[in-house]
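Here are a few short exercises to work through with the model open beside you. Try each one on your own before reading its solution.

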Amino acid sequence: MATKLRSIEERTADTGVQQMLRKAQAERIETAFDRADLLEPRCKFGLAGVCCKRCLEGPCRISLTANGPQRGVCGATADQIVARNLLTLVTEGAVPHVEHAREVALTLLEASEGKAPFEIKDPDKLIRIAQGLGLTVDGKEVNELGKEVALAALSDFQRQYGTLEWMKLKGIDSSIEKWNNLGISPVNGHLEIAKAVNRQAMGVDADPVNLIKGILTMGLVDGYSGLHIATDLQDILFGTPELVKAEYRLGVIKEDYVNIAVHGHMPIMAEKVVEWAEKVEEEAIQLGAKGINIVGICCTANELLMRKGISVATNYASQELAIVTGALDVLITDVQCIMPGLKQVADCYHTELISTIPYAKVEGASYVEFTPEKADEFAQEIVLRALSRYKMRDSSKVEIPNERVEAYAGFSVEQIVAALKKLDQEDPLKPLVDNIVSGNVLGAVAIVGCTSPRLKQDWYNVELAKHLLKHNVLIVGTGCSAHSLAKFGLMAPSGREYCAPELKAVLEAIGQANGLESLPPALHMGSCVDNSRIDDLLVALAKRIGVGVGQLPVAGSCPETHSPKALAIGTFFLNQGVDVHIGVPAPIEGSSVVSKALFSNKGDFPVTTDELFGSKLIYEPDPIKAADILLERIIQKREALGLPVPAFAH
Ligand code: BF8
């Protein structure tokens with residue numbers, strides 16, 4: 001049977017990406033959108049999570065009906081296989097964040113010791129974190145304190161007994177007590193990863209309930225050994241984000257400039273490239289360009305956007321299409337979410353694809369190794385390569401969509417509190433809490449995570465957001481979802497037109513106190529590791545109101561789920577008591593035990609996340625139906641708190 005290919009309009013809502021898909025088709029260039037269609041239909045066993053490849057007796061596939069095999073060769077059941085496979089996925093999601101955090105901690109250590117050319121940009125945050133960790137700050141130099149904080153972070157990868165420093169720093173005591181009582185609190189990020197890999201092995205952990213506990217632990221590892229450490233230390237090193245304005249969409253690539261795209265997740269290297277682009281700009285001008293233009297892809301984009309206002313070219317699903325503009329001179333990648341297919345596309349143009357990290361190379365790409373100590377030499381080399389590639393650009397192949405959208409970003413918790421202070425200097429969270437209590441802000445939903453070439457790019461993220469805004473639900477965004485919301489005007493003040501009148505008035509009041517006509521209805525809180533900022537905000541609100549995080553009328557959603565990292569982040573928030581929606585099915589439906597535990601449909605399962613934490617995993621592909629489910633859950637949480645549910649909420 002011939003595979004049905006989707007039309008270009010069915011592949012993405014972004015008209016600039018549509019234009020580039022037409023160009024790619026005309027030039028016979030294959031992209032991830034094509035491969036997503038060509039690989040249909042997907043394996044039903046894989047989708048249900050019942051395929052086991054843990055040993056050489058397999059692969060064993062458990063029947064999806066009562067008629068076929070119900071156990072693998074070793075006797076493993078569907079429940080055991082699905083639980084183990086989910087633990088593998090969540091571990092694979094947590095590891096990149098944990099390694100990201102560890103590498104930032106090492107960079108802070110080297111910078112503090114004068115071994116790497118970075119300076120601590122936010123000494124105030126350094127002091128706050130140091131005090132939170134119980135370190136003595138009086139009389140200490142910034143670098144001395146930086147070293148102590150870096151070592152405290154690194155101790156979370158070495159301890160054999162006890163609890164994570166960052167969990168004690170950022171968690172709420174009552175939650176930590178609950179996790180301790182359940183026996184799911186992590187001891188050390190790396191140790192928990194090793195334990196998780198060990199228990200997944202054939203013949204080790206075959207108790208689905210015990211494996212679910214391992215999955216919950218991995219969620220805490222992701223949050224406290226990954227997200228939180230990464231964000232805190234990056235803020236200390238590179239500065240805590242403040243309000244910035246930038247542009248989105250492929251139109252930020254400029255025909256008359258040398259264009260360098262930075263792609264991946266780590267700001268360490270990208271920060272230096274920005275610095276060196278400024279230093280050698282004159283050489284670009286001598287070549288006939290107007291200058292050097294840095295644009296971002298995926299979460300490296302979010303990092304540079306949040307702190308430097310660098311414009312954002314594209315998110316995950318359409319990363320290859322940035323090259324199809326024909327005007328990208330160099331595309332450098334660091335880690336995570338980098339499609340190997342970039343190389344095949346780059347080969348059709350003059351673009352040099354450069355890998356930079358020893359464990360994240362792309363076959364056929366150039367390689368310039370980045371180390372923090374040699375960051376300056378590295379960045380200079382990259383920029384000079386871009387200049388030489390610019391000279392090779394074939395103008396007949398250049399076509400850049402003429403579309404750009406302005407958006408605001410930089411909403412760290414510190415920035416949000418600073419904005420609220422304009423309304424109440426003494427008690428900045430009060431205006432927000434008052435509006436939540438009254439129902440003018442019915443609740444909040446974090447729209448986070450990915451875009452996927454299998455789905456209509458951006459459309460699910462945006463439709464979900466618009467439906468929630470109509471019901472006075474404030475949106476915060478991170479990751480590639482934040483790109484989607486910004487591209488479609490929801491991160492600009494004018495986006496308030498999508499809100500119901502009550503929320504719109506709140507946004508205008510806060511915005512106007514801060515010199516804007518309005519706050520945007522969706523606040524950009526950063527990259528995927530910056531989901532820690534969302535957690536920080538929830539913890540601050542919960543403490544201010546005197547409730548647990550799980551009681552707040554909030555939820556998280558990842559409508560266009562692509563990465564295991566999104567599942568790890570989602571598991572972190574389930575532990576916090578926050579409902580998590582995914583728009584793409586997690587491979588768990590082959591197990592009634594795992595599905596019941598996470599979807600909180602109790603049946604014969606002894607305990608659910610709803611009973612443990614007050615949170616559910618919600619799978620719903622339709623964004624409007626998903627928004628309605630989240631609204632219902634938000635209303636239930638309001639009612640449990642005794643808060644009014646205004647008629648307009650329904
Ligand atoms: O870490 S949102 S597609 S780029 S996984 Fe990847 Fe998903 Fe984008 Fe950022 Ni997060």
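**Exercise 1.** Which residues in helix 19 meet which residues in helix 23?

*Solution.* Bear in mind that this is a predicted model. Start on the helix 19 side, where K430, L432 and V433 make the contact. Their counterparts in helix 23 are L541, R544 and I545. Next, sort the residues of this contact by type: 4 are nonpolar, 2 are charged and none is polar.

**Exercise 2.** Work out how helix 19 and helix 23 are oriented to each other.

*Solution.* First find the two helices, at residues 430-438 and 531-545. Their axes come within 11 Å and cross at roughly 75 degrees. Angles of 65 to 115 degrees count as roughly perpendicular, so helix 19 is roughly perpendicular to helix 23.

**Exercise 3.** Trace the open sheet that has the strand order 13-12-11-14-15-16, and find its edges.

*Solution.* The sheet has 6 strands, and their pairing is parallel. Strand 13 (522-526) and strand 16 (617-619) each have a single partner strand, so they stand at the edges with one side lacking a neighbour in the sheet. For strand 13, look at strand 12 (residues 473-478), to which 4 bridges join it. One pair to locate is V476 with its bridge partner L523 in strand 13. Finally, neighbouring strands of the sheet are turned by 25 degrees against each other on average, direction ignored.

**Exercise 4.** Which residues touch the most other members of the largest nonpolar core?

*Solution.* This core has 184 residues, and the ones to pick are V149, W166, L233, I292 and I294. Now zoom in on W166: its contacts include I129, L133, Y224 and H228. Another core, of 38 residues, lies apart, with A32, F33, V345 and V362 among them.

Technical notes. Residues are numbered from 1 along each chain as its sequence is written. This is a predicted model: local features need pLDDT of at least 70, side-chain atom pairs count only at pLDDT 80 or more; totals for chains, interfaces and linings use all residues. Side-chain values use heavy atoms; hydrogens and water are left out. Axes are lines fitted to C-alpha atoms, for helices over the stretch in contact, and angles run from 0 to 180 degrees between N-to-C directions. Angles under 35 degrees count as roughly parallel, over 145 as roughly antiparallel, 65 to 115 as roughly perpendicular and the rest as oblique. Contact means heavy atoms within 4.5 Å. Ala, Val, Leu, Ile, Met, Phe, Trp, Tyr, Cys and Pro count as nonpolar, Asp, Glu, Lys and Arg as charged, and the others, Gly among them, as polar. A nonpolar core is a set of buried Ala, Val, Leu, Ile, Met, Phe, Trp, Tyr and Cys residues joined through side-chain atoms within 4.5 Å. Buried means under 20% relative accessible area, exposed over 50%, partly exposed in between (1.4 Å probe, protein chains only). Two strands pair if DSSP finds at least two bridges between them. Lists of a residue's contacts leave out its neighbours within four places in sequence.
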